[in-house]
Amino acid sequence: AIMKKILLYIALSSLMFSCKIQGLTNDYDKLNETQKKILVDLVDFKDLKYENIYKITGNQLKQELANHPKSLVYIFKNGCSSKLCKPMRVYENYANENGYKLFLVMNGYANLQETLDQPYSSILFSINNDFYNSNYRNTYMQYFENEISGKPKEVKSKEYLGNLFFFEKDKLVQILHELPSK
């Protein structure tokens, strides 16, 4: 009986470790070599190329936000299947129609190809988790969101406010789950 329990434990353990869990970390290890090559650290907003995805910090983004009267920062998960996720074009159209500078910021790399296969015309960014010394998505997202929101880095938010951050210059105006309807 004890041998059966040991074998069952070994079988369940190996099954758990063979499953690929997405979303716990930045999932960089799930990218192919071509995808890894398009990820580059942001050096200057004046020298952006559409074929790259720029790794960005909250402070870098906040400095750039100051250059625009109104901005919308959409922090998203690649391949999101929730009803709150819309195709990139929806956010681009909203930003264009309402005078916002749009910043599309991915929070990890799993399902990256689903994003790249969509029609979109904006530069893509990703949270630079290396800057925050963490591969854990919840940790580096919290630091990034705190920086763009003007909160101390380590403050933990108890509730999820949304992933659409509306700014006037570099001042956060509101955070929403969904784009406002007209």
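Colleague: Let's start with the sheet in this predicted model. In what order do the seven strands of the open sheet lie, and what is the pairing?

Modeller: Read across the sheet rather than along the chain. The order is β1-β2-β5-β4-β3-β6-β7, and the pairing is mixed. At the edges sit β1 (39-41) and β7 (171-176), each with a pairing partner on one side only. On average, neighbouring strands are turned by 30° against each other, direction ignored.

Colleague: And which helix packs on this sheet, touching β2 and β3 among others?

Modeller: That's helix α6, residues 137-149. Its contacts take in β2 (53-56), β3 (70-76), β4 (101-106), β5 (124-127), β6 and β7. The direction of α6 makes about 170° with that of β3.

Colleague: Okay, now the pairing itself. How do β3 and β4 run, and how many bridges join them?

Modeller: They run parallel, with six bridges between them. For landmarks, L72 of β3 has L102 as its bridge partner in β4, and I75 stands opposite V105 in β4. The chain gets from β3 to β4 by way of helix α4 (residues 88-98), and that β-α-β crossover is right-handed.

Colleague: What about the neighbour of β4, strand β5?

Modeller: Parallel again there: three bridges join β4 to β5. V105 stands opposite F125 in β5. V105 also faces I75, so you can trace a line across the strands through that residue.Colleague: Where does the antiparallel part come in, starting from β3 and β6?

Modeller: Those two strands pair in the antiparallel sense over five bridges. The partner of K70 in β6 is E168. Next door, β6 (residues 164-168) and β7 also run antiparallel, and five bridges join them. One bridge pair to look up is F165 with I175 in β7.

Colleague: And the side chains along a strand, where do they point?

Modeller: In a regular strand they alternate between the two faces of the sheet.

Colleague: Is β3 largely enclosed or largely open?

Modeller: Look at relative accessibility, where under 20% counts as buried. Six of the seven residues of β3 are buried, so that strand is largely enclosed by the rest of the structure. β4 is mostly covered too, with five of its six residues buried. For the whole protein chain, buried residues make up 40% of the 182 residues.

Colleague: Let me try a charged-looking case. Is R137 buried or exposed?

Modeller: R137 counts as buried because its relative accessibility is 6%. You'll find R137 in helix α6, the helix that packs on the sheet. Then ask what its polar atoms meet. The side chains of R137 and D27 are joined by a polar contact of 3.2 Å. A polar atom of the R137 side chain also lies 3.3 Å from the backbone oxygen of T25.

Colleague: Now cysteines. Which residues form a disulfide?

Modeller: The general idea is a covalent bond between the sulfur atoms of two cysteines. Here C80 and C85 form one, with their sulfur atoms 1.7 Å apart. The count for this model comes to one disulfide.

Colleague: What handedness does the disulfide of C80 and C85 have?

Modeller: Check the torsion about the S-S bond. For C80 and C85 that torsion is about 60°, so the disulfide is right-handed. As for accessibility, C80 counts as partly exposed at 29%, and C85 counts as partly exposed at 22%.

Colleague: One more residue. Where is Q35 found?

Modeller: Q35 is in helix α2 (residues 33-37). With 9% relative accessibility, Q35 counts as buried. Leaving out residues up to four places away in sequence, Q35 touches K30, L112 and Q113. The C-alpha atoms of Q35 and L116 are separated by 9.8 Å, although the two residues are 81 residues apart along the chain.

Colleague: And for the chain as a whole, what share of contacts comes from residues 24 or more positions apart?

Modeller: Taking contacts with a separation of 6 or more, residues 24 or more positions apart account for 61%.

Colleague: Last one: how many helices and strands does the protein chain have?

Modeller: Six helices and seven strands. From the N terminus on, the elements run α-α-β-β-α-β-α-β-α-β-α-β-β. Set that next to the strand order in the sheet, β1-β2-β5-β4-β3-β6-β7, and you can follow the chain through the model.

Key:
Residues are numbered from 1 along each chain as its sequence is written. This is a predicted model: local features need pLDDT of at least 70, side-chain atom pairs count only at pLDDT 80 or more; totals for chains, interfaces and linings use all residues. Side-chain values use heavy atoms; hydrogens and water are left out. Two strands pair if DSSP finds at least two bridges between them. Helices (H or I, at least four residues) and strands (E, at least two) are DSSP runs, numbered from the N terminus. Axes are lines fitted to C-alpha atoms, for helices over the stretch in contact, and angles run from 0 to 180 degrees between N-to-C directions. Contact means heavy atoms within 4.5 Å. Buried means under 20% relative accessible area, exposed over 50%, partly exposed in between (1.4 Å probe, protein chains only). A polar contact is a pair of N or O atoms within 3.5 Å; within protein, one must be able to donate a hydrogen and the other to accept it, and residues adjacent in sequence count only if both atoms are side-chain atoms. A crossover is right-handed if, with the strands pointing away from the viewer, the path from the first strand over the helix to the second runs clockwise. A disulfide is a pair of cysteine sulfur atoms within 2.5 Å.
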